[in-house]
Amino acid sequence: MEDLGNIQEYAKKHSVPIMRDESCQFICDYIKSHNLKKVLEIGTAIGFSSINFALAADDVYVTTIELDIDRHITAKQNIHNMNLDDRITPIYGDALVHEFNEKFDLIFIDAAKAQYIRFFEKFKNNLSEQGVIVSDNLSFHGMVEDLSLTHNYSTKKLVKKIQKYVEFLKENKEFNTEFFPYGDGISVSKKI
């Protein structure tokens, strides 16, 4: 997989969820316009978004963590094939137990949807002074706004957890959050 198109094809063929182009472009533009340098991604999948973030500018460095070993291995290969070994650090592990000592300008949450609040609470202390936490999939295919779009019990449970996370963001006294309709729903949270 030498280019992003090949990575997208692989994701489609193997049912690996990756960011939608619109969401990815929004974050890359945000990285460039705010001159962000250090990104932490929770949920590597096969490296598509971390590669995009690193390509946003020549001085962007990404640390990304993934719990699924097969996806981690594929991501490492994709990162290597894109010649980004020096700017993307893929970590295999559980983000909820792994400790990061450094500060990041952007923390991107795109892993287990049911754990979003835990991810937010854990990693908010890793934000740089002007840093932001960006969360993806907050619309969840429109189901967050309209739960009747699914009749699947486990999907409904998951959607309710995303709804709870959206409420958590709206009511948070430490952070001001803006919501954007790009892709599958995205938010940007800044410390107040």
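This passage walks through the salt bridges, the largest pocket, a surface patch and two unusual backbone angles of a predicted model.

A good place to start is with the charged pairs. A search of the whole structure finds six salt bridges. One of them joins Lys37 and Asp59, whose closest N and O atoms are 2.4 Å apart. Lys37 sits in the loop between H2 and S1, while Asp59 belongs to the loop between H3 and S2, so this pair ties together parts that are 22 residues apart in sequence. Both partners have some contact with the surroundings: Lys37 is partly exposed, with a relative accessible area of 26%, and Asp59 is likewise partly exposed, at 33%.

Lys124 takes part in two further pairings. With Glu121, its closest N and O atoms are 2.7 Å apart; with Glu174, the corresponding separation is 2.6 Å. Glu174 is in the loop between helix H6 (153–171) and strand S6 (175–180), and Lys124 is in the loop between helix H5 (116–123) and strand S5 (127–136), so their salt bridge ties together parts that are 50 residues apart in sequence. Through these shared partners, Glu121, Lys124 and Glu174 form one network. Lys124 has a relative accessibility of 12% and therefore counts as buried, because the limit for that class is under 20%. Glu121, at 33%, is partly exposed, and so is Glu174, at 43%.

Attention now turns to open space. The largest pocket has a volume of about 620 Å³. Its lining is made up of 32 residues, and those nearest the centre are Pro17, Arg71, Asp110, Ala111 and Lys113. By character, the lining divides into 14 nonpolar, nine polar and nine charged residues. Helix H3 (48–55) and strand S2 (61–66) each contribute at least two residues to this lining.

On the surface, Ile69, Ile73 and Tyr92 make a nonpolar patch of about 290 Å². Ile69 is part of helix H4 (residues 69–81) and is partly exposed, with 37% relative accessibility.

Finally, two loop residues deserve a look for their backbone angles. Ser15 is not a glycine, yet it has a positive phi of about 55 degrees. This serine lies in the loop between helix H1 (4–13) and helix H2 (21–33) and is exposed, at 61% relative accessibility. Asn35, also a residue other than glycine, has a positive phi near 55 degrees. Its place is in the loop between H2 and strand S1 (38–42), where Asn35 is exposed, with a relative accessible area of 53%.

Conventions
Residues are numbered from 1 along each chain as its sequence is written. This is a predicted model: local features need pLDDT of at least 70, side-chain atom pairs count only at pLDDT 80 or more; totals for chains, interfaces and linings use all residues. Side-chain values use heavy atoms; hydrogens and water are left out. Patches are made of residues with over 30% relative accessible area and no salt bridge: like charges are joined within 9 Å, nonpolar side chains (Val, Leu, Ile, Met, Phe, Trp, Tyr) within 5 Å. Accessible areas come from the Shrake-Rupley method with a 1.4 Å probe; for residues, only the protein chains shown count as cover. A salt bridge is a side-chain nitrogen of Lys or Arg within 4 Å of a carboxyl oxygen of Asp or Glu. Helices (H or I, at least four residues) and strands (E, at least two) are DSSP runs, numbered from the N terminus. Buried means under 20% relative accessible area, exposed over 50%, partly exposed in between (1.4 Å probe, protein chains only). On a 1 Å grid over the protein atoms alone, a cavity is a set of points where a 1.4 Å probe fits but cannot get out, and a pocket is an open set with protein on both sides within 12 Å along at least five of seven lines; lining residues have an atom within 4 Å of a point. Grid points are joined across faces, edges and corners, and a volume is the space filled by probe spheres set on the points. Ala, Val, Leu, Ile, Met, Phe, Trp, Tyr, Cys and Pro count as nonpolar, Asp, Glu, Lys and Arg as charged, and the others, Gly among them, as polar.
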